[in-house]
Every structure is written in C-alpha cells, then in structure tokens.
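Q: Please take a close look at one part of this protein, namely its second largest pocket. I should like a connected account of what lines the pocket and of how the lining is made up.

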Amino acid sequence: MTETRIKQYLKMAMRAAEKARGKCSPNPFVGSLIVKNDTVLSQGWTLEYGSDHSEIQALKKAGKKARGATLFVTLEPCSHYGKTPPCAQAIIEAGIKEVYIGISDPNPLVNGKGMQMLQEAGIEVHCGFLEDTIRTQLEYYLCYIQKNRPFVTWKTALTLDGKYAAEDNSSRWITGNNARQFVHRLRGENDVVLTGINTVLSDNPLLNVRLPGNHKQPLRIVLDPLLKIPVQSRFVTIASSFPAMIITSPAMLKTQKAEELQQKGVKIETLQCRNNHFNLHEVLQLLYQMKYYSVLLETGSGIAEAFIKAKLADKIIFLYGARILGGTKSPLPTLGIENINQALPMEKISCRKMGQDIVVTAYPVYQA
C-alpha cells in the first residue's frame with residue numbers, strides 16, 4: 001500500500017477520533033478504520049471512560065467482514081486489562097491481517113507491548129505515520145502520561161490592539177457570537193475550567209457550556225485561598241446542576257461558609273498556600289490524581305502570568321475581536337520581561353478567521 005493511501009486512511013481515522021474529543025478522558029480519544037479490498041468497512045472512536053475503545057467499535061461494526069482486513073488506528077492498541085479488555089487481543093481474535101498505527105502509546109502499560117502482541121500473532125504491524133499531527137491531536141493525553149499532569153490551555157479574548165477590557169473595566173463583548181460559541185466548545189472538550197477568585201468577584205462568570213443540545217460539562221474550579229466567593233455568585237448558584245469545586249486553604253474547611261457552599265453542591269478541596277497563593281504544581285498534581293487530563297484557564301492576568309512563569313501553560317489561544325480600545329489593560333502587565341531578547345518565543349502558530357474575529361493558537365517555548 002502506498003504511503004499516500006496509508007496517510008489518507010489515517011486522516012479518516014483522525015476525523016473519526018474527533019467525535020470523541022472531550023468525551024472519554026482520561027482515555028485518549030482515538031480513531032480506527034477497517035479497510036478491505038480498498039473499501040472502508042467501518043469506523044470507530046473511543047466511547048466514554050469504561051466503554052469501548054475505538055478498535056472495538058470498528059470491529060463490532062465490521063463484524064465477520066473484519067477477517068483478513070487491514071486496521072488503521074491513530075494510537076497503538078492497548079495490551080492490558082483496565083476498565084476494558086486489551087484491544088490487541090480483540091484485533092487478533094477478529095482475524096485482522098495488517099495494522100497501520102499513527103504513533104506508539106507512551107503509557108508504560110502499553111509502550112510497544114500492543115504492537116508486540118499483534119506481531120507475535122502473525123499480524124503485520126507498521127507504525128509512524130502523521131506523527132506530528134497525531135501528537136498534536138492527542139496533546140492532552142500525551143501530557144497527562146508523559147508529564148504526570150493535565151495539559152493546560154490559556155484562553156484570552158483581546159482587541160486587535162491587545163487589550164482585554166476598556167479603562168472602566170467593561171469587557172463584554174470583545175468578540176462576536178462565533179468566537180463565543182468556539183469558547184463554549186473549548187470548555188466542553190476540556191475536563192476542567194479553572195479561574196481565580198478575583199475573576200469571580202469582578203465578572204461573576206458561570207463557566208459552563210451553554211450550547212444547544214447535550215454537551216459534557218467541565219468541572220468548574222475556583223482558586224480561592226480565603227474563601228471569599230459569595231454564596232450568591234452565579235458560579236455557586238448553578239453548582240447543583242453543573243460540577244463545581246473550590247480549592248481553598250485548610251483553615252477555611254471548617255468554616256460555616258464552607259459548609260454552606262457544600263450544601264449548595266460545591267466540592268471543597270484544600271491545599272497549603274503561601275502569601276495567599278497556591279503552588280500551581282500542587283494544583284495540577286491534585287487534578288492529575290483526580291484523573292483530569294486537560295485544564296482550560298479562564299482567568300485574569302495574575303493566574304495567567306503565574307502559570308506562564310511556572311512554565312505550565314502548554315498552549316495559548318488568543319481570540320482577537322475586530323475592534324481597538326487603546327488604554328492600559330494589557331493581559332500580562334507584570335510578566336516581568338524587560339528586554340525584547342528575553343521575550344517568550346512561540347511555535348506551531350495557527351490562525352483562522354471566525355466571523356469578524358481572528359483566533360490565533362500558539363505554543364510557548366520555555367527555556368530549560
């Protein structure tokens with residue numbers, strides 16, 4: 001089979017994987033394609049955690065026709081028992097004769113073992129196609145496995161001249177409806193939407209997904225060391241219907257305020273803080289232990305700067321509204337970079353138009 005054809009089928013598998021984005025963590029969202037005699041028999045994508053992986057879905061749809069067929073899958077099939085049996089064993093039992101894999105799985109429970117199982121069963125295995133593209137698609141999962149923490153995206157809306165608000169602090173709406181819907185989809189694909197208490201006090205946000213139809217709701221988290229959040233805030237008011245958690249200092253846990261918040265459906269977690277600031281590595285470690293693999297920051301400048309200074313912001317999404325404001329409201333006013341030669345470089349820049357607005361995605365390149 002030509003490399004062009006292989007990549008074509010793997011791109012189809014990637015498109016199938018997108019149907020599972022945000023719906024199956026901490027499992028990776030993977031796509032599979034079963035092909036026989038140059039005809040696509042079936043497609044599969046990862047279902048919610050504890051349900052079928054993409055390979056199983058594709059095999060079930062293909063049925064007996066899968067015998068002697070070729071499987072294309074974006075990530076190496078698993079080889080271990082977890083919530084589900086090993087996909088590699090199901091592939092062998094289905095009679096698949098050849099497998100093309102986008103990238104190997106760095107999970108220590110897999111990490112080549114899936115390919116080895118297939119090869120030992122006499123299946124031809126080929127790995128290493130569209131690797132950069134698939135690694136970007138699976139960036140949440142790969143960060144979770146390789147760095148033992150969730151992947152962090154900072155999203156910010158700015159005017160074309162880089163201001164997040166007017167001088168009177170008004171900021172609604174910088175961007176248009178298309179960009180705002182994009183943000184809701186972004187919330188839906190992340191496990192966690194995180195903000196700080198200052199944002200809650202100034203903007204009173206909901207931080208949930210508000211789109212037509214049924215959508216997975218992220219866990220909404222507020223970093224609030226002194227438990228200043230008003231019980232009447234919109235964040236708290238909807239906590240019985242939309243997951244909510246506050247991270248505060250241990251001294252706040254026994255207070256009446258904490259009890260009131262818990263009665264309204266807010267989960268309380270505690271971490272030690274210093275000068276009313278949390279160690280962000282500890283925040284992410286807490287979320288890692290809770291099996292969350294992606295975090296969307298919807299914060300003011302203080303927390304955004306702290307994540308960047310700690311080299312923990314993995315991706316930045318700038319939404320530029322089609323207007324200018326002037327003034328002093330810069331999104332990172334105290335980042336502390338004084339010389340252009342010290343500016344934080346960015347890579348893998350992508351840009352697209354969304355209505356009248358522009359969305360720029362970039363990845364910070366931190367110095368070791």
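A: In this predicted model, the lining of the second largest pocket divides into nine nonpolar, nine polar and eight charged residues. The volume of this pocket is about 730 Å³. Its lining consists of 26 residues, and those closest to the centre of the pocket are Arg21, Phe182, Leu186, Glu189 and Arg352.

Several elements of secondary structure contribute to this lining. Two or more residues come from each of helix 5 (131-137), helix 6 (139-146), helix 7, strand 14 (315-321), strand 15 (346-354) and strand 16 (357-364). Among these elements, helix 7 provides the largest share of the lining, with six residues.

One of the residues closest to the centre, Arg352, deserves separate attention. Arg352 is part of strand 15, one of the elements that give two or more residues to the lining of the second largest pocket. Arg352 counts as partly exposed because its relative accessibility is 46%, and the partly exposed class lies between the limits of 20% and 50%. When residues up to four places away in sequence are not counted, Arg352 touches Phe182, Asp357, Ile358 and Val359. Of these partners, Phe182 is also listed with Arg352 among the residues closest to the centre of the second largest pocket. A further relation concerns Leu319: Arg352 and Leu319 are 33 residues apart in sequence, and their C-alpha atoms are 9.9 Å apart in space.

The largest pocket provides a useful comparison. Its volume is about 1,600 Å³. The lining of the largest pocket comprises 49 residues, and Thr199, Asp203, Glu298, Thr299 and Gly300 lie nearest its centre. By class, this lining contains 21 nonpolar, 18 polar and ten charged residues. At least two residues of the lining of the largest pocket are supplied by each of strand 6 (151-159), helix 7 (177-189), helix 8 (197-203), strand 12 (277-278) and helix 12 (301-309).

Helix 7 thus links the two descriptions. Helix 7 gives the most to the lining of the largest pocket, with seven residues, and the largest share of the lining of the second largest pocket, six residues, also comes from helix 7.

Notes: Residues numbered from 1 in each chain as written. Predicted model: local features only at pLDDT ≥ 70, side-chain atom pairs only at ≥ 80, totals over all residues. Heavy atoms only, no water. 1 Å grid on protein atoms, 1.4 Å probe; cavity = no way out; pocket = protein on both sides within 12 Å on 5 of 7 lines; lining within 4 Å. Points joined across faces, edges and corners; volume = space filled by probe spheres on them. Helix = DSSP H or I, 4+ residues; strand = E, 2+ residues; numbered from the N terminus. Nonpolar A, V, L, I, M, F, W, Y, C, P; charged D, E, K, R; others polar. Buried < 20%, exposed > 50% of the residue type's maximum accessible area, 1.4 Å probe, protein only. Contact = heavy atoms within 4.5 Å.
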